[in-house]
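Trainee: I should like a close look at a single part of this model, namely the surroundings of the ligand. Please describe what lines the site and how the elements that supply it are packed and paired.

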Amino acid sequence: MTLTKKPESRPATASWGLASGENPWEYAPAPESTDHIRIEPEYGLFIGNEFRPSKPRKTFTVINPATEEPLAKVAHASKADVGRAVATAKEAHRSTWSKLPGRERAKYLYRIARLLQERSREFAVVESMNSGKPIKESRDVDVPLAAAHFFYYAGWADKLEYAFPNRDPRSIGVVAQVIPWNFPLLMLAWKIAPALAAGNTVVLKPASTTPLTAYLFADVVRQADLPPGVVNIITGPGEIGMELVRHPDVGKVAFTGSTAVGKMIARAVAGTGKKVTLELGGKAANIVFDDAPLDQAIEGIINGIYFNQGEVCCAGSRLFVQESVHEPLLDKLKARLSTLRVGDPLDKNTDVGAINSAGQLAKVQELVQSGIDEGAEIFQPACELPDKGFFFRPTLFTGVSQSHRIAQEEIFGPVLSVLTFRTPEEAIEKANNTPYGLSAGVWTEKGSRIFKMVGAMKAGVVWANTFNRFDPTSPFGGYKESGYGREGGIHGLGAYLDFSPNGAKGR
Ligand code: NDP
């Protein structure tokens with residue numbers, strides 16, 4: 001990366017490693033090229049390996065949240081389209097996919113994984129343009145992890161009986177998958193890879209703000225010569241997601257998104273016999289003990305909450321600091337926060353990109369205002385924000401109490417609430433005082449303390465001396481209002497298999 005001297009006349013913005021205003025050096029712009037990207041003006045629904053307009057023909061516009069410019073029009077599916085997609089997936093399951101030996105399914109999954117790698121730059125750029133996330137994250141995290149999920153589950157496709165000995169694992173049939181906008185391609189991979197490895201066919205509904213990498217993935221499906229109907233992708237509003245989930249020919253539902261919609265889905269499928277996994281919201285505690293390596297912890301805190309603009313279900317949005325290190329840690333944290341570069345998601349130096357939508361930005365602003373109104377103290381670095389687009393400064397609050405909304409509610413933005421504790425017991429009690437239970441982090445040098453904390457935290461994932469690490473082999477999921485079921489690893493595979501004595505429930 002290039003460093004150029006900043007002109008004296010420009011307002012002092014922060015630079016790497018030094019507090020705001022102290023360094024006259026500034027990074028030169030390093031925008032990723034978009035020359036190799038082709039975004040179609042309009043996308044139809046992807047059903048049976050064909051892009052087709054919705055019936056009746058209706059579209060909606062998808063925008064770039066960093067510029068507010070339109071990117072493409074996408075089909076607005078109707079109830080009849082949901083029926084068509086499910087019928088196509090059902091037929092593909094019956095006639096081809098369920099009949100293929102596991103080793104043949106594996107070949108398709110490996111092919112998809114390799115194509116994702118080959119086309120990684122294209123996927124990364126489209127993902128950043130459509131979601132607002134920095135290119136260095138889509139390039140180094142989202143796309144490689146998506147490919148890794150296909151590689152990983154390809155390896156299981158011909159070993160289901162070994163993964164689940166004596167349980168007679170069978171495919172379920174048609175799977176309905178509804179995914180959110182914060183990791184559009186990665187969530188698609190989390191859902192589609194295990195479903196196909198297990199022998200199911202899928203109908204996937206991406207979030208309405210971020211369907212473009214799903215439609216790019218549809219192109220990969222065709223390139224990989226996947227039999228028609230194995231993967232179907234439909235776009236439309238929430239009601240269309242509900243229509244899909246409720247469809248009687250769907251045997252399994254996988255949802256990632258808000259707790260409110262997760263509860264609606266749980267109610268809608270109750271009593272139907274459909275298998276369900278729900279991966280919902282979070283309000284993770286990141287706990288720093290006084291013996292932790294503070295500089296390392298600072299990086300973990302920053303990564304925990306400002307990665308992907310904090311639009312992460314497992315974001316470390318509540319920081320608990322042991323009182324004796326509260327002051328030095330906060331000094332370091334504020335200095336580090338001032339070095340974060342906010343702006344163009346396509347610039348390779350950007351750390352914090354655009355919030356995904358105007359609606360989400362309004363939610364973040366409203367919750368931040370509530371923090372101020374309830375008496376917490378706000379700190380934001382003096383960075384410049386672009387004139388257009390949905391940007392928000394990385395923010396931290398001190399003087400937060402457990403009852404503040406910013407300590408209780410999922411903000412889903414670059415906003416950290418800092419609280420303190422004296423003893424491990426107090427940390428555990430405060431950390432578990434939330435309706436959520438998706439993830440947590442512990443920073444300490446003592447191995448025994450790590451084990452004690454991991455056992456006591458009501459969270460599906462607990463990271464020790466790190467944060468936001470993901471691996472396809474590792475199960476991920478929540479307690480309480482963070483949902484149920486696990487994705488990833490062998491647990492995530494089991495969620496897509498039928499172990500019942502009577503077969504796939506007639507679907
Ligand atoms: P939603 O839960 O509404 O959206 C997630 C997905 O569900 C999208 O595909 C959405 O479609 C779809 N959906 C919406 N309503 C329904 C419905 N009634 N039945 C079936 N599917 C539906 O999340 P939001 O986008 O509204 O975000 C709100 C908050 O949820 C965020 O601020 C954040 O706190 C949390 N969230 C958590 C996520 C996580 O990873 N756990 C991810 C996203 C949000 P459409 O886009 O068309 O509305």
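Mentor: What follows begins at the ligand, moves outward through the neighbouring elements, and ends with some local backbone features.

The model is predicted: local features require pLDDT of at least 70 and side-chain atom pairs count only at pLDDT 80 or more, whereas totals for chains, interfaces and linings use all residues. Residues are numbered from 1 along each chain as its sequence is written, and side-chain values use heavy atoms, with hydrogens and water left out.

The ligand is surrounded by 28 residues, where a residue is near a molecule or strand if one of its heavy atoms lies within 4 Å of it. The closest are Trp181, Ser208, Ser258, Lys363 and Glu410. By class, this shell holds 14 nonpolar, 10 polar and four charged residues; here Ala, Val, Leu, Ile, Met, Phe, Trp, Tyr, Cys and Pro count as nonpolar, Asp, Glu, Lys and Arg as charged, and the others, Gly among them, as polar.

Several side chains place a polar atom by an oxygen atom of the ligand, and these pairs are polar contacts, that is, pairs of N or O atoms within 3.5 Å; within protein, one atom must be able to donate a hydrogen and the other to accept it, and residues adjacent in sequence count only if both atoms are side-chain atoms. For Ser208 the distance from a polar side-chain atom to a ligand oxygen is 2.5 Å. For Gln360 the corresponding distance is 2.9 Å, and for Lys363 it is 2.7 Å. Taken alone, the ligand exposes 860 Å², of which the protein buries 84%; accessible areas come from the Shrake-Rupley method with a 1.4 Å probe, and for residues only the protein chains shown count as cover.

Which elements supply this shell? At least two residues each come from α8 (238-246), β12 (250-256), α9 (259-269) and α12 (358-373). Helices (H or I, at least four residues) and strands (E, at least two) are DSSP runs, numbered from the N terminus. Helix α8 gives the most to the shell, with three residues.

Helix α8 also has a buried side. Its residues Ile240, Gly241, Met242, Leu244 and Val245 are buried, a term for under 20% relative accessible area, with exposed meaning over 50% and partly exposed in between (1.4 Å probe, protein chains only). The buried residues of α8 pack against α1 (79-95), β9 (174-178), β10 (201-205), β12 and α9, contact being heavy atoms within 4.5 Å. Two of these partners, β12 and α9, are thus also elements that supply the ligand shell.

Strand β12 is mostly covered, since seven of its seven residues are buried. Strands of a sheet pair through backbone hydrogen bonds, either parallel or antiparallel. In this model β9 and β12 pair in the parallel sense over five bridges; two strands pair if DSSP finds at least two bridges between them. Gln177 stands opposite Ala254 of β12. Strand β12 also pairs in the parallel sense with β13 (residues 275-279), again over five bridges, and there Ala254 stands opposite Thr277. Ala254 therefore has Gln177 opposite it in one pairing and Thr277 in the other.Some local backbone features complete the account. Most residues other than glycine have a negative phi, and most peptide bonds are trans. A cis peptide bond joins Lys55 and Pro56, with omega about -5°; Pro56 lies in the loop between β5 (50-52) and β6 (59-63). Glu68, in the loop between β6 and β7 (70-75), has a positive phi near 65°. With 36% relative accessibility, Glu68 counts as partly exposed. A positive phi, near 55°, is also found at Asn465, in the loop between β20 (461-464) and β21 (483-484). Asn465 counts as partly exposed as well, at 23% relative accessibility.
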